[in-house]
Amino acid sequence: MTTIGIIGAGHIGSQIARKAVQLGYDVVISNSRGPETLAGIVAELGPRARAATPAEAAAAGDFAVVTVPLRSIGDLPVQPLEGKVVIDTNNYYWERDGRFPELDSGQATTSGLLQKHLPTSKVAKGFNHIMAKEIGTDGAPAGTANRRALATASDYPEAADLVTSFYDEFGFDTVNVGPLSESWRVERDRPAYVVRQNAAELTENLERATRTV
């Protein structure tokens, strides 16, 4: 079975882990405080899950989900993620992360910063514009009328394809924004951010986004 390395066990990481286990994935979950602090979530998830360090989770995963504060991406292991798709759920909260002038000025994107830190990985945006609690509850079978859609972006088509397939398993349609340089369209405070929308509505909201807010 496919193993997902999850780096970050907060609201988003935990919800992705729960749904992934339900779908039959194996999960290796980690946080910055140590595997022993994850005993509760691992017990809840059952035998398909185990706790590890970030480096161990990165090494164990066939692909990875990174869901840590933006200020912490410089601490992520690089070598264990080499050649792997890395799904980035991050958003820029300057109140939490401090100011990033290149984001404030519209010269960079959050996922682009992660790709820069992980030059040998294939970063794709995912799960960043949905409330964590809705990840496991708002999905619907393919073909359902008004099915909720989520966006992805990547410089690697195979990474965007993986996110598209993963979204579909979770019950969501996908709108591909294009390269990471366009992923700002689905970042915080834009029209597509944390609102329920189908694929047509998401496409329209992406087009309405402005580069800086």
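Here is a chat about a predicted model, covering its cores, two helices, some strands and a few residues in loops.

Me: Where should I start in the largest nonpolar core, which residues touch the most other members?
Reply: Ile16, Phe127 and Phe166 do, in a core of 32 residues.

Me: And which helices and strands feed that core with at least two residues each?
Reply: On the helix side there are α1 (11–22), α2 (39–45) and α7 (157–170). The strands are β1 (3–7), β2 (26–30), β4 (63–66) and β5 (85–88).

Me: What's Ile16 in contact with, leaving aside neighbours within four places in sequence?
Reply: Ile6, Val65, Thr89, Phe127, Ile135, Phe166 and Phe170. So Phe127 and Phe166 turn up in that list.

Me: What else is there in the way of cores, apart from that one?
Reply: There's another core of 31 residues, lying apart from the largest one. Val28, Ala64, Val186 and Leu202 are among its members.

Me: OK, α1. Which of its residues are buried?
Reply: Ile12, Gly13, Ser14, Ile16, Ala17, Lys19, Ala20 and Val21. The cover over them includes β1, β2, α2, β4 and α7.

Me: How far does α1 reach, C-alpha to C-alpha?
Reply: 17 Å from first to last over 12 residues, which is close to the 16 Å expected at 1.5 Å a residue. Just after the helix, Gly24 takes a positive phi of about 100°.

Me: Now α7. How far apart are its end C-alpha atoms?
Reply: 20 Å, and that agrees with the 20 Å its 14 residues should span at 1.5 Å a residue.

Me: Which residues of α7 are buried?
Reply: Ala159, Ala160, Val163, Phe166, Tyr167 and Phe170. They sit on the same side of α7, because they cover an arc of only 125° around the axis.

Me: And what's exposed on the other side of α7?
Reply: Pro157 and Asp161 are exposed there. Just past the end of α7, Gly171 has a positive phi of about 105°.

Me: Switching to strands. Is β2 enclosed or open, and why?
Reply: Largely enclosed by the rest of the structure, since four of its five residues are buried. It runs parallel to β1, with five bridges joining the two. One of the pairings puts Thr3 with Asp26 of β2 as its bridge partner.

Me: What about β7, which way do its residues point?
Reply: Ala149 and Ala151 go one way, Leu150 and Thr152 go the other, and all are buried. β7 (149–152) is joined to β8 (173–176) by four bridges, and these strands run parallel. Thr152 stands opposite Asn176 in β8.

Me: Where's Arg148?
Reply: In the loop between β6 (122–125) and β7. With a relative accessibility of 1%, Arg148 counts as buried.

Me: What does the Arg148 side chain have a polar contact with?
Reply: The side chain of Asp138, at 2.7 Å. Looking beyond four places in sequence, the contacts of Arg148 include His129, Glu134, Gly171, Asp173, Val195 and Gln197.

Me: There's a lysine I'm curious about too. Is Lys125 buried or exposed?
Reply: Buried, at a relative accessible area of 0%. Lys125 is in strand β6, and its side chain makes a polar contact of 3.2 Å with that of Ser111.

Me: What else is Lys125 in contact with, further along the sequence?
Reply: Beyond four places in sequence, its contacts include Asp88, Asn90, Thr110, Thr152, Tyr167, Leu180 and Val186. By contrast, Gly143 is 18 residues from Lys125 in sequence, and their C-alpha atoms are 23 Å apart.

Me: Last one, backbone oddities. Which residue in the loop between β6 and β7 has a positive phi?
Reply: Phe127, at about 60°, although it is not a glycine. Most residues other than glycine have a negative phi. Phe127 lies in that loop and counts as buried, with 0% relative accessibility.

Me: And what about Val194, where does it sit?
Reply: In the loop between β8 and α8 (199–208). Val194 also has a positive phi, about 45°, without being a glycine. At a relative accessible area of 31%, Val194 is partly exposed.

Methods
Residues are numbered from 1 along each chain as its sequence is written. This is a predicted model: local features need pLDDT of at least 70, side-chain atom pairs count only at pLDDT 80 or more; totals for chains, interfaces and linings use all residues. Side-chain values use heavy atoms; hydrogens and water are left out. A nonpolar core is a set of buried Ala, Val, Leu, Ile, Met, Phe, Trp, Tyr and Cys residues joined through side-chain atoms within 4.5 Å. Buried means under 20% relative accessible area, exposed over 50%, partly exposed in between (1.4 Å probe, protein chains only). Contact means heavy atoms within 4.5 Å. The expected span of a helix is 1.5 Å times one less than its number of residues. The arc is that of the directions from the helix axis to the C-beta atoms. A polar contact is a pair of N or O atoms within 3.5 Å; within protein, one must be able to donate a hydrogen and the other to accept it, and residues adjacent in sequence count only if both atoms are side-chain atoms. Two strands pair if DSSP finds at least two bridges between them.
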